[in-house]
Amino acid sequence: MAAPDDAGGPGPGPFRDLRSVLITSVLSLERLELDLFRGRHHWVPSTQRLFGGQIVGQALVAAARAVSHDEQVHSLHCYFVRAGDPKVPVLYEVERTRTGKSFSVRSVKAIQHGKPIFTCQASFQLSQESPVQHQFTMPAVPPPEELLMQEELIQKFLQNPNLAERYRKHLNKIQAENVPIDIKPVNPPNMFFSEAQEPKQLLWVRARGYIGETDMKLHCCVAAYISDYAFLGTALLPHRHHRVKFMVSLDHSMWFHAPFRADHWMLYECESPWAGGCRGLVQGRLWRRDGVLAVTCVQEGVIRVEQTPNPSKL
């Protein structure tokens, strides 16, 4: 299951020395026993909770090490049950739930301080051909070469003296984070007004650094890491006049449809069909540049805001 080679990411030559930190550090687990692994942290959000995408990605790495080379992940379903502690490593315990002729299931438990913080089931499949095939159509958007990186957009906003102070603080926090993902927003929110926006966003995303042609399972692990970044925030776009007190993922599911390169640009199409009861639901699709639907994601999270909204002005 090889991913197509396109011009969307760093290629051979000097870039081979710039290996993605997602491979060399974040998703590099230490094997302690046959099905027991230890993972460490590269980036911790300002909330001082472990980044959910890191836990999902590392859990999938652990599960993938318990199947044969020819089996590829086609789905995973996860629950975040406790906040992760960034001061200690995470242990990943794999259970070989089922090994069949076509499909295998692996269950993973992430543990800190003797208690599970996360559970996951991943299903793997041997490649099978079928005449039953269809997909949605990729949205028409400008290519990433015509758009600014997220860091460039932030710098542009920060240079404007009219930027509201709370947005300035928020953008400075983002700017200080060393996230190993390249992001180019297609429709960035207007930072000068708190007006409601449609709960949809489009982002070009890729892993920072070079990964190259390798086992497709590794690219899926990287995509799992990327998929959680800024995902739940889609549900807040119609409610920008509210100040967020607490926001955290409850669960995360992914379905892998076609091979891809996680270090090449992919379009992340995110939307939120519903929010209520202090929860928000978001759906996402990762598209290859050639229009092939590679991954589908769904997540629900807790969203608590201050009851009195902020006035919609600077």
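Here are some notes for a colleague meeting this structure for the first time.

1. Start with how far to trust it. This is a predicted model. The mean pLDDT of the chain is 89, and 87% of the residues reach 70 or more. The stretch to be wary of is residues 10-17, where pLDDT stays under 50. For that stretch the model has eleven contacts beyond four places in sequence, so I'd read those contacts with the low pLDDT in mind.

2. Next, the overall build. The chain has 314 residues, and 48% of them are buried. Its secondary structure comes to five helices and twelve strands. If you take the contacts between residues at least 6 apart in sequence, 74% of them join residues at least 24 apart. On the outside, the chain exposes about 15,300 Å², with carbon and sulfur atoms supplying 53% of that area.

3. Now the inside. How many residues does the largest nonpolar core have? The count is 66, and the residues with the most contacts inside this core are Leu60, Leu76, Tyr92, Phe118, Val222, Phe256 and Phe260. Phe256 is a good place to park your view. Setting aside neighbours within four places in sequence, Phe256 is in contact with Leu60, Val73, His74, Ser75, Leu76, Cys220, Ala294 and Val295. Two of those partners, Leu60 and Leu76, also appear among the residues with the most contacts in the core. Apart from this core lies another one, of ten residues, including Met138, Leu147, Val186 and Leu202.

4. A word on the cysteines. The structure holds zero disulfides. Cys120 has the sulfur of Cys78 as its nearest cysteine sulfur, 3.5 Å away. Why is that pair not counted as a disulfide? Because the two sulfurs would have to be within 2.5 Å, and 3.5 Å is outside that cut-off. Cys297 is in no disulfide either, and the nearest cysteine sulfur, that of Cys270, is 7.8 Å away. Both Cys120 and Cys297 are buried: Cys120 has a relative accessible area of 4%, and Cys297 has 0%.

5. On to charges. Side chains of opposite charge can pair when their charged atoms come close. In this model the count comes to 15 salt bridges. One of them joins Arg96 and Asp35, at 2.9 Å from N to O. Arg96 lies in strand S4 (residues 90-99), while Asp35 is in the loop between strand S1 (30-33) and strand S2 (36-39), so the pair ties together parts that are 61 residues apart in sequence. Are the two ends buried or exposed? Arg96 counts as partly exposed at 38% relative accessibility, whereas Asp35 counts as buried at 16%.

6. Asp85 and Lys87 make another salt bridge, with 3.3 Å from N to O. The two ends sit in contrasting surroundings: Asp85 counts as buried at 15% relative accessibility, but Lys87 is exposed, with a relative accessible area of 71%.

7. Then there is Arg208, which forms a salt bridge with Glu151, the closest N and O atoms being 2.8 Å apart. This pair links distant parts of the chain, 57 residues apart: Arg208 is in the loop between strand S8 (200-207) and H5, and Glu151 is in helix H3 (residues 150-158). Both ends are partly exposed, with Arg208 at 28% relative accessibility and Glu151 at 37%. The pair also belongs to a wider network of salt bridges, in which Glu151, Asp182, Arg206 and Arg208 are linked.

8. Last, two backbone spots to look at. Which residues have a positive phi although they are not glycines? Ala230 is one, with a phi of about 65°, and Cys278 is another, also at about 65°. Ala230 sits in the loop between helix H5 (216-227) and strand S9 (244-256). Cys278 sits in the loop between strand S10 (266-276) and strand S11 (279-288). Each counts as partly exposed, Ala230 at 38% relative accessibility and Cys278 at 43%.

Conventions:
Residues numbered from 1 in each chain as written. Predicted model: local features only at pLDDT ≥ 70, side-chain atom pairs only at ≥ 80, totals over all residues. Heavy atoms only, no water. Core = buried A, V, L, I, M, F, W, Y, C linked by side-chain atoms within 4.5 Å. Buried < 20%, exposed > 50% of the residue type's maximum accessible area, 1.4 Å probe, protein only. Contact = heavy atoms within 4.5 Å. Helix = DSSP H or I, 4+ residues; strand = E, 2+ residues; numbered from the N terminus. pLDDT = per-residue confidence, 0-100. Areas by Shrake-Rupley, 256 points an atom, 1.4 Å probe, with all protein chains shown as cover. Salt bridge = Lys/Arg side-chain N within 4 Å of Asp/Glu carboxyl O.
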